[in-house]
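Here are my notes on the helix packing and on one pocket. Please read them with the structure open.

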Amino acid sequence: MTVVGPFGLSVRDQALEADVQAGLAAVEEGLLEATKSGVPFITEAAQHLVQAGGKRFRPLLVALAAQFGDPYAPGVVPSAVVVELTHLATLYHDDVMDEAEVRRGVPSANARWGNSLAVLTGDFLFARASHILADLGPEAVRIQAEAFERLVTGQILETAGPRDGRDPIEHYLDVIAGKTGSLIAVAGRFGAMMSGADERVVEILTHYGERLGVAFQLADDVLDIASDSHESGKTPGTDLREGIPTLPVLHLRARAAATGSPEDLRLCELLDGDLADDELLAEVLRRLRVHPSLEQARRDTIRYAQEARALLAPLPDGPAKAALEQLCDAVVHRAG
């Protein structure tokens, strides 16, 4: 039994373990190759986040989905590289938009080289992903283009905020389905499609990936409040401090508006204050950790993970299906 991928996923089948480990190693080589440039500085900037590590959640899902066909098919590893490159490119852009200073335990590209170079490096990664994608055929290009459109639309909707009369929670769930779920759905789809799996299997793993992706993001929302830095890998309250409207906060605001509770209204006031103040942030975290809104966000996370798991029911039993089910369980475990 070897632990691979995010959340400490344990693969209990030796053949599957070997396939997954070999696939992820090949993806890592592909990422380094794809981020090389004839200009040394571009190579350094493009490989900045590759070498910082990361969960490699999306390549793992590609590798597991490919088990329902031929996991050694020639398009499997390149498609995993495409999905991860696209994800990495969005991180460069996200850090500029969020004015982030740290990513994966290292200085963000924008903090190190400035916003313009960070944006251009992200564009470079998109270009390299497109180059690989072109060799995978027009259907793969179309799928990736549609997912990228959803991803950007989600980012735009997040920036613009909900329109008048729209439920902020529904709006937020739509945002993360686009920003996070769409690319994870592509990971499931590419893995199954490139391996030659049955079309029904491809459809199942696409929908599974999107549901799991939403659950994954919601678990991060919970962790930002409930965990310590050792568990989450980042400082608690980072999203709160940056003013990101995560699900627990949205539940709190909805509850405060509905009930008029003085305690809830006071907590909303604190959230609207200067959370750069460490003492104020600590007070907000203390209150949120015992507030019903956090438990509601946990229940939402569990619901999406359970929906993802239920989608797997028609797939044939075996180690790959068990590993996909375990990913759902691991997301629930992260959310407490």
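The points below take three helix pairs and then a pocket.

1. First, the status of the coordinates. This is a predicted model. Residues are numbered from 1 along each chain.

2. Start with helix α9 (residues 168-194) and helix α13 (residues 247-259). They pack at an angle of about 165°. Their axes lie 10 Å apart. Angles over 145 degrees count as roughly antiparallel, so α9 is roughly antiparallel to α13. The crossing of the two is left-handed.

3. Which residues make the contact of α9 with α13? From α9 come P168, I169 and Y172. From α13 come L247, L250, H251 and A254. By class, this contact has six nonpolar residues and one polar. No charged residue takes part in the contact of α9 with α13.

4. Next, helix α7 (residues 115-134) and helix α8 (residues 138-160). Their axes come within 9 Å and cross at roughly 150°. That makes α7 roughly antiparallel to α8. The crossing of α7 and α8 is right-handed.

5. The α7 side of this contact is F126, L133 and A134. The α8 side is A140, V141, Q144 and F148. Six of the residues in the contact of α7 with α8 are nonpolar and one is polar. None is charged.

6. The third pair is α4 (57-65) and helix α10 (residues 199-226). Their packing angle is about 150°, and their axes are 12 Å apart. α4 and α10 are therefore roughly antiparallel to each other. α4 passes α10 in a right-handed crossing.

7. What does each helix bring to the contact of α4 with α10? α4 supplies F57, L61 and A65. α10 supplies L205, Y208, G209, L212 and F216. The classes are seven nonpolar, one polar and no charged. Gly counts as polar in this scheme.

8. Now the second largest pocket. Its volume is about 170 Å³. The lining holds 16 residues. Those nearest the centre of the pocket are D19, G23, P71, V76 and V77.

9. Which elements give two or more residues to the lining of the second largest pocket? They are α1 (14-34), α4 (57-65) and α5 (76-98). The largest share, six residues, comes from α1. α4 thus appears in this note twice: it gives residues to the pocket lining, and it packs with α10.

10. Is the lining of the second largest pocket mostly nonpolar or mostly charged? By class it has 13 nonpolar residues, two polar and one charged. Keep that breakdown in view when you inspect D19 and G23, which are among the residues nearest the pocket centre.

Notes: Predicted model: local features only at pLDDT ≥ 70, side-chain atom pairs only at ≥ 80, totals over all residues. Heavy atoms only, no water. Axes fitted to C-alpha atoms, helices over the stretch in contact; angles between N-to-C directions. Helix = DSSP H or I, 4+ residues; strand = E, 2+ residues; numbered from the N terminus. Parallel < 35°, antiparallel > 145°, perpendicular 65-115°, else oblique. Left-handed = near helix turned anticlockwise from the far one by under 90°. Contact = heavy atoms within 4.5 Å. 1 Å grid on protein atoms, 1.4 Å probe; cavity = no way out; pocket = protein on both sides within 12 Å on 5 of 7 lines; lining within 4 Å. Points joined across faces, edges and corners; volume = space filled by probe spheres on them.
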